[in-house]
Amino acid sequence: MCSLLRPPVLSRLISVRLKSVAAPQSLRTKHDLDLCNPSSPGFLTFEDPQAFKVKSFWELIRALGVFRLCSFPVLVNNCGKLMTFTRTVLGTRGFSMVVRPSVYAQFVAGETEGEIADSMQKMSSLGLHPMLAVPIEEDLGESTGEQRYEDNLAAMLDCVLMSHVNGWSKNPMMQLKITALVSPELCVKLTSLLKTEQYDLNLLVRAMEGEEVVFPGLTESENTHLLFSLQRLNKIGEASVDKVRVLVDAEYTYMNHALSLITMAMMKKFNQQSAWIWNTYQCYLKESKNLLLDAVQTSIDQSFCIGVKLVRGAYMDKERKLAQKEGRTDPIHESWEHTNDSYNGCLEIMLNLISEKPERYMIIVATHNEESVRRAVTRMEELGLHRDGNSVCFGQLLGMCDHVSLTLAQHGFSVYKSVPYGSVDDTLPYLVRRAQENRTVLQGIRKERDLLRQELRRRLKEKITGAR
(Lines give C-alpha, C1' and ligand atoms only; values in the text may rest on other atoms or scores of the structure.)
Protein backbone atom coordinates (compact mmCIF):
# COMPACT_ATOMS: atom_id res chain seq x y z
CA MET A 1 0.00 0.00 0.00
CA CYS A 2 1.06 3.57 -0.59
CA SER A 3 2.48 5.52 2.32
CA LEU A 4 0.41 8.44 3.58
CA LEU A 5 3.55 10.55 3.53
CA ARG A 6 4.28 12.53 0.42
CA PRO A 7 6.99 11.07 -1.79
CA PRO A 8 10.08 13.32 -1.77
CA VAL A 9 9.56 14.35 -5.38
CA LEU A 10 5.95 15.44 -4.73
CA SER A 11 7.06 17.55 -1.80
CA ARG A 12 9.43 19.35 -4.14
CA LEU A 13 6.90 19.70 -6.94
CA ILE A 14 4.01 20.83 -4.77
CA SER A 15 5.84 24.09 -4.08
CA VAL A 16 5.32 25.17 -7.69
CA ARG A 17 1.52 24.89 -7.41
CA LEU A 18 0.85 28.60 -7.27
CA LYS A 19 3.66 29.65 -9.57
CA SER A 20 2.96 30.61 -13.14
CA VAL A 21 3.25 27.64 -15.43
CA ALA A 22 4.99 29.79 -18.00
CA ALA A 23 7.38 32.14 -16.27
CA PRO A 24 8.90 34.92 -18.39
CA GLN A 25 12.02 33.75 -20.19
CA SER A 26 14.18 36.10 -18.15
CA LEU A 27 13.01 34.46 -14.92
CA ARG A 28 13.61 30.87 -16.02
CA THR A 29 16.34 28.95 -14.23
CA LYS A 30 19.17 27.24 -16.10
CA HIS A 31 17.46 23.90 -15.32
CA ASP A 32 14.22 25.19 -16.89
CA LEU A 33 16.08 26.29 -20.02
CA ASP A 34 17.92 22.97 -20.25
CA LEU A 35 14.58 21.15 -20.11
CA CYS A 36 13.29 23.23 -23.01
CA ASN A 37 16.00 21.82 -25.30
CA PRO A 38 16.97 18.38 -24.03
CA SER A 39 19.36 16.32 -26.09
CA SER A 40 17.40 13.63 -27.90
CA PRO A 41 18.22 10.28 -29.48
CA GLY A 42 18.81 10.67 -33.23
CA PHE A 43 15.73 8.74 -34.36
CA LEU A 44 13.48 11.33 -32.75
CA THR A 45 13.69 13.66 -35.73
CA PHE A 46 10.74 11.62 -37.11
CA GLU A 47 11.91 12.35 -40.65
CA ASP A 48 12.39 8.84 -42.00
CA PRO A 49 9.75 7.93 -44.62
CA GLN A 50 10.75 4.29 -44.07
CA ALA A 51 8.41 4.42 -41.07
CA PHE A 52 5.67 3.96 -43.68
CA LYS A 53 7.24 0.94 -45.38
CA VAL A 54 4.73 -1.28 -43.58
CA LYS A 55 1.78 0.46 -45.28
CA SER A 56 0.26 -0.83 -48.50
CA PHE A 57 0.24 1.26 -51.68
CA TRP A 58 -3.50 1.91 -51.29
CA GLU A 59 -3.07 2.95 -47.66
CA LEU A 60 -0.50 5.56 -48.71
CA ILE A 61 -2.83 6.93 -51.41
CA ARG A 62 -5.82 6.96 -49.05
CA ALA A 63 -3.93 8.76 -46.27
CA LEU A 64 -2.61 11.40 -48.68
CA GLY A 65 -6.10 12.01 -50.08
CA VAL A 66 -7.79 12.25 -46.68
CA PHE A 67 -5.06 14.49 -45.23
CA ARG A 68 -5.26 16.74 -48.28
CA LEU A 69 -8.99 17.23 -47.73
CA CYS A 70 -8.37 17.86 -44.03
CA SER A 71 -5.94 20.66 -44.89
CA PHE A 72 -8.85 22.87 -46.03
CA PRO A 73 -10.40 24.64 -42.99
CA VAL A 74 -13.73 25.18 -44.75
CA LEU A 75 -14.14 21.43 -45.27
CA VAL A 76 -13.21 20.51 -41.68
CA ASN A 77 -15.34 23.26 -40.13
CA ASN A 78 -18.39 22.23 -42.16
CA CYS A 79 -17.80 18.48 -42.45
CA GLY A 80 -21.01 17.63 -40.58
CA LYS A 81 -23.17 19.66 -42.98
CA LEU A 82 -21.28 18.37 -46.00
CA MET A 83 -21.79 14.75 -44.94
CA THR A 84 -25.50 15.32 -44.34
CA PHE A 85 -25.83 16.91 -47.80
CA THR A 86 -23.86 14.10 -49.45
CA ARG A 87 -26.01 11.46 -47.76
CA THR A 88 -29.16 13.24 -48.97
CA VAL A 89 -27.89 13.35 -52.56
CA LEU A 90 -26.37 9.86 -52.77
CA GLY A 91 -28.66 8.00 -50.41
CA THR A 92 -27.52 5.85 -47.50
CA ARG A 93 -25.99 3.11 -49.66
CA GLY A 94 -24.19 5.48 -52.04
CA PHE A 95 -22.91 7.58 -49.15
CA SER A 96 -21.52 4.48 -47.44
CA MET A 97 -19.80 3.39 -50.67
CA VAL A 98 -17.97 6.74 -50.80
CA VAL A 99 -17.14 7.14 -47.11
CA ARG A 100 -16.29 3.56 -46.13
CA PRO A 101 -13.12 3.11 -48.23
CA SER A 102 -11.88 6.64 -47.53
CA VAL A 103 -12.48 8.63 -44.33
CA TYR A 104 -14.04 5.72 -42.44
CA ALA A 105 -11.22 3.29 -43.34
CA GLN A 106 -8.58 5.88 -42.36
CA PHE A 107 -9.89 6.54 -38.85
CA VAL A 108 -12.14 3.57 -37.88
CA ALA A 109 -11.15 -0.06 -37.23
CA GLY A 110 -14.31 -1.56 -38.71
CA GLU A 111 -17.85 -2.59 -37.86
CA THR A 112 -18.01 -6.37 -37.53
CA GLU A 113 -15.93 -8.37 -35.09
CA GLY A 114 -14.01 -9.86 -38.00
CA GLU A 115 -13.16 -6.45 -39.47
CA ILE A 116 -12.05 -5.16 -36.09
CA ALA A 117 -9.95 -8.28 -35.46
CA ASP A 118 -8.21 -7.89 -38.84
CA SER A 119 -7.37 -4.25 -38.09
CA MET A 120 -6.11 -5.07 -34.61
CA GLN A 121 -3.96 -7.98 -35.79
CA LYS A 122 -2.34 -5.76 -38.40
CA MET A 123 -1.72 -3.11 -35.76
CA SER A 124 -0.17 -5.69 -33.44
CA SER A 125 2.12 -6.88 -36.25
CA LEU A 126 3.45 -3.30 -36.49
CA GLY A 127 4.27 -3.23 -32.79
CA LEU A 128 1.33 -0.94 -31.95
CA HIS A 129 -1.31 -1.54 -29.28
CA PRO A 130 -5.01 -0.80 -29.80
CA MET A 131 -6.93 1.32 -27.31
CA LEU A 132 -10.54 0.66 -28.25
CA ALA A 133 -13.01 3.56 -28.05
CA VAL A 134 -16.77 3.04 -28.24
CA PRO A 135 -17.98 6.11 -30.20
CA ILE A 136 -20.71 7.03 -27.70
CA GLU A 137 -21.01 10.33 -25.86
CA GLU A 138 -23.63 12.95 -25.02
CA ASP A 139 -23.68 16.69 -24.57
CA LEU A 140 -26.32 18.96 -23.08
CA GLY A 141 -29.77 18.41 -24.58
CA GLU A 142 -28.93 14.96 -25.99
CA SER A 143 -30.04 12.77 -23.07
CA THR A 144 -32.60 10.11 -24.02
CA GLY A 145 -33.29 8.24 -20.76
CA GLU A 146 -32.11 5.35 -18.62
CA GLN A 147 -32.63 2.67 -21.29
CA ARG A 148 -30.19 4.43 -23.58
CA TYR A 149 -27.58 4.45 -20.79
CA GLU A 150 -28.19 0.74 -20.16
CA ASP A 151 -27.66 0.04 -23.86
CA ASN A 152 -24.45 2.06 -23.72
CA LEU A 153 -23.35 0.03 -20.70
CA ALA A 154 -23.79 -3.18 -22.69
CA ALA A 155 -21.64 -1.72 -25.49
CA MET A 156 -18.95 -0.70 -22.98
CA LEU A 157 -18.91 -4.17 -21.41
CA ASP A 158 -18.53 -5.69 -24.88
CA CYS A 159 -15.55 -3.36 -25.40
CA VAL A 160 -13.97 -4.57 -22.14
CA LEU A 161 -14.43 -8.17 -23.23
CA MET A 162 -13.08 -7.57 -26.74
CA SER A 163 -10.04 -5.72 -25.38
CA HIS A 164 -9.26 -8.56 -22.97
CA VAL A 165 -9.91 -11.85 -24.74
CA ASN A 166 -8.28 -11.29 -28.14
CA GLY A 167 -4.68 -10.91 -26.96
CA TRP A 168 -4.02 -7.84 -29.12
CA SER A 169 -1.94 -6.28 -26.34
CA LYS A 170 -0.16 -7.59 -23.27
CA ASN A 171 -1.48 -4.55 -21.37
CA PRO A 172 -4.95 -3.83 -22.84
CA MET A 173 -6.51 -0.37 -22.63
CA MET A 174 -9.84 1.15 -23.64
CA GLN A 175 -11.41 4.60 -23.49
CA LEU A 176 -14.58 5.59 -21.65
CA LYS A 177 -16.70 8.71 -21.81
CA ILE A 178 -18.69 9.01 -18.60
CA THR A 179 -21.40 11.01 -20.42
CA ALA A 180 -22.28 7.76 -22.22
CA LEU A 181 -23.50 6.46 -18.85
CA VAL A 182 -24.39 9.60 -16.85
CA SER A 183 -26.62 12.49 -17.93
CA PRO A 184 -24.56 15.55 -19.00
CA GLU A 185 -27.12 17.75 -17.24
CA LEU A 186 -26.46 15.97 -13.96
CA CYS A 187 -22.70 16.30 -14.49
CA VAL A 188 -23.12 20.05 -14.99
CA LYS A 189 -25.20 20.35 -11.81
CA LEU A 190 -22.69 18.29 -9.81
CA THR A 191 -19.85 20.46 -11.09
CA SER A 192 -21.72 23.54 -9.87
CA LEU A 193 -22.49 21.93 -6.48
CA LEU A 194 -18.84 21.01 -5.98
CA LYS A 195 -18.04 24.71 -5.62
CA THR A 196 -19.82 24.67 -2.23
CA GLU A 197 -20.42 21.00 -1.35
CA GLN A 198 -17.87 18.35 -0.35
CA TYR A 199 -18.57 14.89 -1.73
CA ASP A 200 -16.64 12.17 0.08
CA LEU A 201 -15.21 9.52 -2.25
CA ASN A 202 -16.30 6.83 0.21
CA LEU A 203 -19.89 8.00 -0.24
CA LEU A 204 -19.67 7.48 -3.99
CA VAL A 205 -18.03 4.08 -3.54
CA ARG A 206 -20.88 2.98 -1.25
CA ALA A 207 -23.38 4.16 -3.88
CA MET A 208 -21.49 2.24 -6.58
CA GLU A 209 -21.91 -0.89 -4.48
CA GLY A 210 -25.70 -0.45 -4.31
CA GLU A 211 -26.25 1.49 -1.07
CA GLU A 212 -29.17 3.95 -1.17
CA VAL A 213 -27.12 7.10 -0.62
CA VAL A 214 -28.71 10.56 -0.60
CA PHE A 215 -26.42 13.16 -2.17
CA PRO A 216 -26.76 16.76 -0.99
CA GLY A 217 -28.12 19.31 -3.44
CA LEU A 218 -29.87 16.85 -5.79
CA THR A 219 -33.57 16.33 -6.41
CA GLU A 220 -35.02 12.86 -5.85
CA SER A 221 -34.98 12.05 -9.56
CA GLU A 222 -31.41 13.35 -9.97
CA ASN A 223 -30.29 11.32 -6.97
CA THR A 224 -31.92 8.18 -8.38
CA HIS A 225 -30.25 8.70 -11.74
CA LEU A 226 -26.86 9.23 -10.09
CA LEU A 227 -27.26 6.00 -8.12
CA PHE A 228 -28.11 4.06 -11.30
CA SER A 229 -25.18 5.71 -13.10
CA LEU A 230 -22.66 4.89 -10.39
CA GLN A 231 -23.83 1.27 -10.38
CA ARG A 232 -23.32 1.16 -14.17
CA LEU A 233 -19.79 2.48 -13.74
CA ASN A 234 -19.20 -0.07 -10.98
CA LYS A 235 -20.00 -2.83 -13.48
CA ILE A 236 -17.40 -1.40 -15.86
CA GLY A 237 -14.84 -1.37 -13.05
CA GLU A 238 -15.61 -4.91 -11.91
CA ALA A 239 -15.39 -6.22 -15.48
CA SER A 240 -12.08 -4.48 -16.23
CA VAL A 241 -10.03 -4.74 -13.01
CA ASP A 242 -6.97 -6.99 -13.45
CA LYS A 243 -7.80 -7.23 -17.17
CA VAL A 244 -8.17 -3.92 -19.03
CA ARG A 245 -7.08 -0.39 -18.09
CA VAL A 246 -9.97 2.04 -18.53
CA LEU A 247 -8.98 5.58 -19.53
CA VAL A 248 -11.74 8.06 -18.71
CA ASP A 249 -11.88 11.00 -21.11
CA ALA A 250 -12.15 14.60 -19.96
CA GLU A 251 -14.81 16.71 -21.66
CA TYR A 252 -15.96 20.31 -21.13
CA THR A 253 -15.07 22.43 -18.10
CA TYR A 254 -18.75 22.88 -17.23
CA MET A 255 -18.89 19.18 -16.33
CA ASN A 256 -15.25 18.11 -15.80
CA HIS A 257 -15.16 18.41 -12.01
CA ALA A 258 -18.08 15.98 -11.73
CA LEU A 259 -16.39 13.58 -14.16
CA SER A 260 -13.17 13.75 -12.12
CA LEU A 261 -15.04 13.16 -8.86
CA ILE A 262 -16.69 10.04 -10.26
CA THR A 263 -13.40 8.84 -11.77
CA MET A 264 -11.53 9.35 -8.49
CA ALA A 265 -14.19 7.31 -6.71
CA MET A 266 -13.66 4.51 -9.23
CA MET A 267 -9.90 4.79 -8.62
CA LYS A 268 -10.45 4.57 -4.87
CA LYS A 269 -12.32 1.31 -5.30
CA PHE A 270 -10.45 -0.38 -8.14
CA ASN A 271 -6.88 1.01 -8.01
CA GLN A 272 -5.72 -0.50 -4.75
CA GLN A 273 -2.95 -2.61 -6.29
CA SER A 274 -2.49 -1.05 -9.74
CA ALA A 275 -3.94 1.74 -11.89
CA TRP A 276 -6.88 0.14 -13.70
CA ILE A 277 -8.94 3.36 -13.86
CA TRP A 278 -7.22 6.45 -15.31
CA ASN A 279 -8.22 10.10 -15.57
CA THR A 280 -7.46 12.61 -18.31
CA TYR A 281 -5.82 16.00 -17.71
CA GLN A 282 -6.19 18.73 -20.34
CA CYS A 283 -3.09 20.88 -20.26
CA TYR A 284 -4.58 23.76 -22.22
CA LEU A 285 -6.52 24.57 -19.04
CA LYS A 286 -4.91 27.04 -16.65
CA GLU A 287 -5.89 24.83 -13.71
CA SER A 288 -4.44 21.62 -15.15
CA LYS A 289 -1.28 21.43 -13.03
CA ASN A 290 -3.18 22.15 -9.80
CA LEU A 291 -5.79 19.51 -10.71
CA LEU A 292 -3.06 16.95 -11.32
CA LEU A 293 -1.28 17.74 -8.05
CA ASP A 294 -4.58 17.57 -6.15
CA ALA A 295 -5.31 14.17 -7.67
CA VAL A 296 -1.85 12.86 -6.80
CA GLN A 297 -2.20 14.09 -3.23
CA THR A 298 -5.66 12.50 -2.91
CA SER A 299 -4.28 9.20 -4.18
CA ILE A 300 -1.57 9.37 -1.51
CA ASP A 301 -3.95 10.37 1.28
CA GLN A 302 -6.46 7.64 0.40
CA SER A 303 -3.94 4.96 -0.60
CA PHE A 304 -4.72 4.17 -4.22
CA CYS A 305 -2.77 4.15 -7.46
CA ILE A 306 -3.26 6.73 -10.19
CA GLY A 307 -3.13 6.55 -13.97
CA VAL A 308 -2.93 9.72 -16.06
CA LYS A 309 -3.80 10.33 -19.68
CA LEU A 310 -2.02 13.60 -20.51
CA VAL A 311 -3.44 15.63 -23.40
CA ARG A 312 -3.37 19.23 -24.50
CA GLY A 313 -7.13 19.41 -25.02
CA ALA A 314 -9.57 19.62 -27.88
CA TYR A 315 -12.46 21.94 -26.93
CA MET A 316 -10.62 25.27 -27.02
CA ASP A 317 -12.93 27.27 -29.32
CA LYS A 318 -16.13 26.22 -27.57
CA GLU A 319 -14.65 26.81 -24.11
CA ARG A 320 -13.53 30.33 -25.04
CA LYS A 321 -16.83 31.27 -26.67
CA LEU A 322 -18.79 29.98 -23.68
CA ALA A 323 -16.58 31.86 -21.20
CA GLN A 324 -17.01 35.07 -23.19
CA LYS A 325 -20.77 34.58 -23.42
CA GLU A 326 -21.08 33.98 -19.66
CA GLY A 327 -18.64 36.74 -18.70
CA ARG A 328 -16.22 34.31 -17.08
CA THR A 329 -12.44 34.30 -17.18
CA ASP A 330 -11.14 32.31 -20.13
CA PRO A 331 -10.12 28.89 -18.69
CA ILE A 332 -7.67 28.26 -21.55
CA HIS A 333 -4.02 29.31 -21.50
CA GLU A 334 -3.33 32.56 -23.34
CA SER A 335 -0.94 31.05 -25.87
CA TRP A 336 0.32 27.82 -27.41
CA GLU A 337 3.60 28.36 -25.56
CA HIS A 338 1.80 28.51 -22.20
CA THR A 339 -0.03 25.30 -23.05
CA ASN A 340 3.25 23.63 -23.99
CA ASP A 341 4.78 24.71 -20.68
CA SER A 342 1.75 23.33 -18.85
CA TYR A 343 2.02 20.01 -20.69
CA ASN A 344 5.74 19.76 -20.06
CA GLY A 345 5.32 20.63 -16.38
CA CYS A 346 2.66 17.95 -15.84
CA LEU A 347 4.76 15.44 -17.78
CA GLU A 348 7.76 16.21 -15.57
CA ILE A 349 5.68 15.68 -12.41
CA MET A 350 4.45 12.27 -13.53
CA LEU A 351 7.79 11.00 -14.86
CA ASN A 352 9.52 11.91 -11.61
CA LEU A 353 6.81 10.18 -9.57
CA ILE A 354 7.06 7.10 -11.80
CA SER A 355 10.85 7.02 -11.41
CA GLU A 356 10.36 6.71 -7.63
CA LYS A 357 7.26 4.46 -7.52
CA PRO A 358 6.55 2.89 -10.91
CA GLU A 359 4.08 0.47 -9.33
CA ARG A 360 1.88 3.35 -8.08
CA TYR A 361 1.87 5.78 -11.01
CA MET A 362 1.27 5.37 -14.76
CA ILE A 363 0.98 7.77 -17.68
CA ILE A 364 0.11 7.74 -21.36
CA VAL A 365 1.75 10.64 -23.16
CA ALA A 366 -1.17 11.25 -25.51
CA THR A 367 0.06 13.78 -28.05
CA HIS A 368 0.81 14.33 -31.72
CA ASN A 369 3.38 16.97 -30.78
CA GLU A 370 6.85 15.77 -31.73
CA GLU A 371 8.62 18.04 -29.23
CA SER A 372 6.60 16.62 -26.33
CA VAL A 373 7.42 13.08 -27.48
CA ARG A 374 11.13 13.98 -27.68
CA ARG A 375 11.00 15.48 -24.21
CA ALA A 376 9.26 12.42 -22.75
CA VAL A 377 11.71 9.98 -24.37
CA THR A 378 14.72 12.01 -23.25
CA ARG A 379 13.48 12.23 -19.65
CA MET A 380 12.72 8.49 -19.66
CA GLU A 381 16.32 7.82 -20.67
CA GLU A 382 17.66 10.20 -18.03
CA LEU A 383 15.48 8.67 -15.29
CA GLY A 384 16.25 5.09 -16.33
CA LEU A 385 12.64 4.22 -17.22
CA HIS A 386 12.19 1.17 -19.44
CA ARG A 387 10.98 1.81 -22.97
CA ASP A 388 8.52 -1.07 -22.93
CA GLY A 389 7.54 -0.88 -19.26
CA ASN A 390 3.92 -0.53 -18.25
CA SER A 391 4.36 2.78 -16.43
CA VAL A 392 4.98 5.06 -19.43
CA CYS A 393 3.45 4.71 -22.87
CA PHE A 394 2.54 6.94 -25.81
CA GLY A 395 -0.75 7.47 -27.61
CA GLN A 396 -2.03 8.88 -30.89
CA LEU A 397 -5.25 8.67 -32.88
CA LEU A 398 -5.76 5.87 -35.39
CA GLY A 399 -4.95 7.11 -38.88
CA MET A 400 -2.93 10.11 -37.72
CA CYS A 401 0.68 10.79 -36.73
CA ASP A 402 1.83 7.36 -37.91
CA HIS A 403 5.35 8.64 -38.57
CA VAL A 404 5.65 9.22 -34.80
CA SER A 405 3.77 6.09 -33.68
CA LEU A 406 5.62 3.69 -35.98
CA THR A 407 9.05 5.20 -35.25
CA LEU A 408 8.50 4.90 -31.50
CA ALA A 409 7.24 1.32 -31.84
CA GLN A 410 10.21 0.37 -34.03
CA HIS A 411 12.53 1.57 -31.23
CA GLY A 412 10.84 -0.48 -28.53
CA PHE A 413 8.47 2.03 -26.92
CA SER A 414 4.93 1.12 -25.90
CA VAL A 415 2.58 2.93 -28.30
CA TYR A 416 -1.23 2.89 -28.34
CA LYS A 417 -3.58 4.05 -31.06
CA SER A 418 -7.02 5.32 -30.09
CA VAL A 419 -9.31 3.07 -32.13
CA PRO A 420 -13.02 3.85 -32.64
CA TYR A 421 -15.17 1.11 -34.13
CA GLY A 422 -18.76 0.64 -35.24
CA SER A 423 -21.01 1.27 -38.23
CA VAL A 424 -20.71 4.29 -40.51
CA ASP A 425 -23.84 5.78 -38.93
CA ASP A 426 -22.56 5.20 -35.38
CA THR A 427 -19.03 6.49 -35.93
CA LEU A 428 -19.53 9.48 -38.24
CA PRO A 429 -20.97 11.86 -35.58
CA TYR A 430 -18.01 10.89 -33.38
CA LEU A 431 -15.55 11.47 -36.24
CA VAL A 432 -17.11 14.84 -37.10
CA ARG A 433 -16.67 16.01 -33.50
CA ARG A 434 -13.10 14.72 -33.38
CA ALA A 435 -12.27 16.40 -36.70
CA GLN A 436 -13.61 19.75 -35.55
CA GLU A 437 -11.92 19.48 -32.16
CA ASN A 438 -8.59 18.52 -33.76
CA ARG A 439 -8.76 20.74 -36.83
CA THR A 440 -5.54 22.58 -35.99
CA VAL A 441 -3.78 19.21 -35.83
CA LEU A 442 -5.41 18.03 -39.06
CA GLN A 443 -4.46 21.23 -40.86
CA GLY A 444 -0.87 21.03 -39.56
CA ILE A 445 0.09 17.52 -40.69
CA ARG A 446 2.18 18.79 -43.59
CA LYS A 447 5.21 16.82 -42.43
CA GLU A 448 3.30 13.55 -42.40
CA ARG A 449 1.97 14.28 -45.90
CA ASP A 450 5.52 15.00 -47.12
CA LEU A 451 6.80 11.70 -45.67
CA LEU A 452 3.90 9.82 -47.26
CA ARG A 453 4.74 11.40 -50.62
CA GLN A 454 8.42 10.44 -50.27
CA GLU A 455 7.51 6.84 -49.55
CA LEU A 456 5.04 6.82 -52.44
CA ARG A 457 7.69 8.17 -54.84
CA ARG A 458 10.16 5.55 -53.59
CA ARG A 459 7.64 2.78 -54.29
CA LEU A 460 6.88 4.14 -57.78
CA LYS A 461 10.58 4.50 -58.63
CA GLU A 462 11.22 0.97 -57.40
CA LYS A 463 8.35 -0.35 -59.52
CA ILE A 464 9.53 1.48 -62.64
CA THR A 465 13.28 0.88 -62.38
CA GLY A 466 13.35 -2.26 -60.29
CA ALA A 467 15.89 -0.54 -58.00
CA ARG A 468 15.72 -0.96 -54.24
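Which loop is S303 found in? It's the one between α12 (288-301) and β5. Keep that residue in mind, since we'll come back to its backbone below.

First, the overall picture. This is a predicted model, and its chain has 19 helices and eight strands. Of the 468 residues, 54% count as buried. If you look at contacts with a separation of 6 or more, residues 24 or more positions apart account for 80% of them. The chain exposes about 20700 Å², and carbon and sulfur atoms supply 55% of that area.

Now the barrel. Strands of a sheet pair through backbone hydrogen bonds, either parallel or antiparallel. Here, eight strands close into a barrel, and the pairing is parallel. Going round, the order is β1-β2-β3-β4-β5-β6-β7-β8. From one strand to the next, the twist averages 30°. For one pair to look at, take β6 (residues 361-366) and β7 (residues 392-397), which run parallel over four bridges. V365 has its bridge partner in β7, namely F394.

Helices pack on these strands too. Helix α11 (residues 253-270) packs on the sheet and touches β3 (245-248), β4 (277-282) and β5 (306-311). The direction of α11 makes about 150° with that of β4. Helix α16 (residues 402-410) lies across β7 and β8 (415-420), running at about 135° to β8.

What about helix against helix? Two packed helices are described by the angle between their axes and the distance between the axes. Helix α3 (residues 57-70) and helix α19 (residues 446-465) pack at about 145°, with axes 10 Å apart. Their crossing is left-handed. On the α3 side, the contact is made by F57, L60, I61, A63, L64, F67 and R68. From α19 come E448, R449, L452, R453, E455, L456, R459 and L460. Sorted by type, the residues of this contact give nine nonpolar, six charged and no polar.

Back to the loops. D242 has a positive phi in a residue other than glycine, and so does S303. Here they are side by side:

| Residue | Phi | Loop | Relative accessibility |
|---|---|---|---|
| D242 | near 70° | between α10 (220-240) and β3 | 61% |
| S303 | near 60° | between α12 (288-301) and β5 | 14% |

Is D242 buried or exposed? D242 counts as exposed, because its relative accessibility is 61% and the cut-off for exposed is over 50%. S303, at 14%, therefore counts as buried, as buried means under 20%.

Key: Residues are numbered from 1 along each chain as its sequence is written. This is a predicted model: local features need pLDDT of at least 70, side-chain atom pairs count only at pLDDT 80 or more; totals for chains, interfaces and linings use all residues. Side-chain values use heavy atoms; hydrogens and water are left out. Helices (H or I, at least four residues) and strands (E, at least two) are DSSP runs, numbered from the N terminus. Buried means under 20% relative accessible area, exposed over 50%, partly exposed in between (1.4 Å probe, protein chains only). Contact means heavy atoms within 4.5 Å. Accessible areas come from the Shrake-Rupley method with a 1.4 Å probe; for residues, only the protein chains shown count as cover. Axes are lines fitted to C-alpha atoms, for helices over the stretch in contact, and angles run from 0 to 180 degrees between N-to-C directions. A crossing is left-handed if the near helix is turned anticlockwise from the far one by less than a right angle, and right-handed if clockwise. Ala, Val, Leu, Ile, Met, Phe, Trp, Tyr, Cys and Pro count as nonpolar, Asp, Glu, Lys and Arg as charged, and the others, Gly among them, as polar. Two strands pair if DSSP finds at least two bridges between them.
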